[in-house]
Amino acid sequence: MIFFSDRDAYPACGIFSLGHFIFFAVIGALIVLGLYLSRNITKRGLRDQTIVSVSILWTLEIIKIGYNHIHGYFGLDQWFPLAFCSLFLYAAIFALSKNEVIKNMGQACLIFGGILGGFCYLVYPSTSLPSVPAFHFLAFHGMGYHGVLLYIGILYFIHSGFEISFKGFKYYFLFLSIFFPIAIIMDYRLNVNLMFFRDAYNLPEFAKAIAEWNLPIYTIIVVLFYLLLPYVIIYGIDKFSAFIHKRKENAVLQEDVKK
């Protein structure tokens with residue numbers, strides 16, 4: 001059965017292929033539809049959507065672990081949920097907490113890490129489509145997972161009331177400071193590659209060159225990349241959207257004055 005076949009058993013879908021384009025278009029349309037239907041979502045509704053999403057994704061993650069073990073992929077970096085985007089599975093649980101600090105840590109990761117991580121994977125799904133056909137569990141899991149990640153991240157960005165500021169960044173930093181040391185220690189001690197901290201894998205050639213030149217420096221660069229780039233981009237988007245909103249308000253006020 002192709003859907004649960006071994007990796008590389010059939011011709012891969014590939015990146016920037018027709019299958020990739022169809023995945024991207026369908027998931028993009030579903031995200032837009034979901035955001036439209038959730039335009040008036042309440043805090044309770046946001047919480048309910050988070051519970052449903054993380055429950056489904058944890059179930060699929062367990063199925064993925066079973067798939068990898070059945071096909072003999074026993075390496076920790078093949079199945080252990082500690083990739084950068086896998087942090088959603090923990091961040092969503094944090095975001096449901098009644099403790100304000102823990103809640104903000106989870107929300108920060110969903111917004112800063114989730115939006116950029118989800119979007120980048122949908123554009124460049126380096127860990128699934130290059131090795132499996134489009135009609136495959138890993139392809140649906142990878143693209144669907146990151147589609148949900150992007151959708152939930154945008155929902156929290158718009159409706160959670162989370163402060164996109166340096167204060168918000170501190171919660172993001174605090175959240176990552178829990179998981180990054182675990183991943184780095186496991187990578188260096190167990191010779192695995194969680195979060196690409198030890199091996200550039202399918203990353204661009206310049207990243208591979210840095211890793212070959214000096215591995216600790218490469219690891220530091222990856223940490224800073226995960227830490228700073230999502231914050232800078234989301235902060236910029238927030239300020240730009242606030243600027244546009246302000247301009248629209250001023251335009252409305254000017255029209256009212258003319259009347």
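This is a guided tour of one protein chain, moving from the whole fold to a few residues worth selecting.

**The whole chain**

Begin with the full model in cartoon view, bearing in mind that it is a predicted one. The secondary structure comprises nine helices and zero strands, so that a trace from the N terminus reads α-α-α-α-α-α-α-α-α. Turn the C-alpha trace along its principal axes, and the spans come to about 70 × 40 × 40 Å. The radius of gyration is 20 Å, which agrees with the value near 18 Å that a compact globule of 259 residues would have.

Next, show the contacts and the surface. Of the contacts with a separation of 6 or more, 74% join residues that are 24 or more positions apart. Buried residues make up 44% of the 259 residues, while the protein exposes about 14100 Å², with carbon and sulfur atoms supplying 69% of that area. If you then colour the charged side chains, you will find 19 positive and 15 negative ones, the centres of the two sets lying 10 Å apart.

**First stop: the loop after α1**

Select Asn40, which is found in the loop between α1 (18-37) and α2 (43-70). Is this residue buried or exposed? With a relative accessible area of 66%, Asn40 is exposed. Add His159 to the selection: although the two positions lie 119 residues apart in chain numbering, the C-alpha atoms of Asn40 and His159 are separated by 8.6 Å.

**Second stop: the salt bridges**

Side chains of opposite charge can pair when their charged atoms come close. The count of salt bridges in this model comes to two, and each can be visited in turn.

For one of them, move into helix α2 and select Asp48 together with Arg44, which lie four residues apart, about one turn of the helix. The closest N and O atoms of this salt bridge are 3.2 Å apart. Asp48 is partly exposed, with a relative accessible area of 34%, whereas Arg44 counts as exposed at 58%.

For the other, go to helix α8 (residues 205-213) and select Lys208 and Glu205, which are three residues apart, again about one turn of the helix. Here the salt bridge has its closest N and O atoms 3.6 Å apart. Lys208, at 25% relative accessibility, counts as partly exposed, and Glu205 is exposed, with a relative accessible area of 57%.

**Third stop: the loop between α5 and α6**

Now select Ser128, whose place is in the loop between α5 (100-123) and α6 (137-159). Ser128 has a relative accessible area of 2%, and it is buried because that value falls under the 20% limit. Which residues does Ser128 touch, not counting residues up to four places away in sequence? Display Tyr121, Leu138 and Ala139, since these are the residues that Ser128 touches once such sequence neighbours are set aside.

**Last stop: helix α7**

Finish with Ile185, which is found in helix α7 (residues 166-190). Ile185 is exposed, with a relative accessible area of 51%, and that assignment follows because the value is over the 50% cut-off for exposed residues. To end, draw a distance from Ile185 to His69, two residues 116 apart along the chain, and the separation of their C-alpha atoms will read 23 Å.

Key: Residues are numbered from 1 along each chain as its sequence is written. This is a predicted model: local features need pLDDT of at least 70, side-chain atom pairs count only at pLDDT 80 or more; totals for chains, interfaces and linings use all residues. Side-chain values use heavy atoms; hydrogens and water are left out. Helices (H or I, at least four residues) and strands (E, at least two) are DSSP runs, numbered from the N terminus. The radius of gyration is taken over C-alpha atoms; the globule rule is 2.2 Å times the number of residues to the power 0.38. Buried means under 20% relative accessible area, exposed over 50%, partly exposed in between (1.4 Å probe, protein chains only). Contact means heavy atoms within 4.5 Å. Accessible areas come from the Shrake-Rupley method with a 1.4 Å probe; for residues, only the protein chains shown count as cover. Lys and Arg count as positive and Asp and Glu as negative; His and the chain ends are not counted. The place of a charge is taken as NZ of Lys, CZ of Arg, CG of Asp or CD of Glu. A salt bridge is a side-chain nitrogen of Lys or Arg within 4 Å of a carboxyl oxygen of Asp or Glu.
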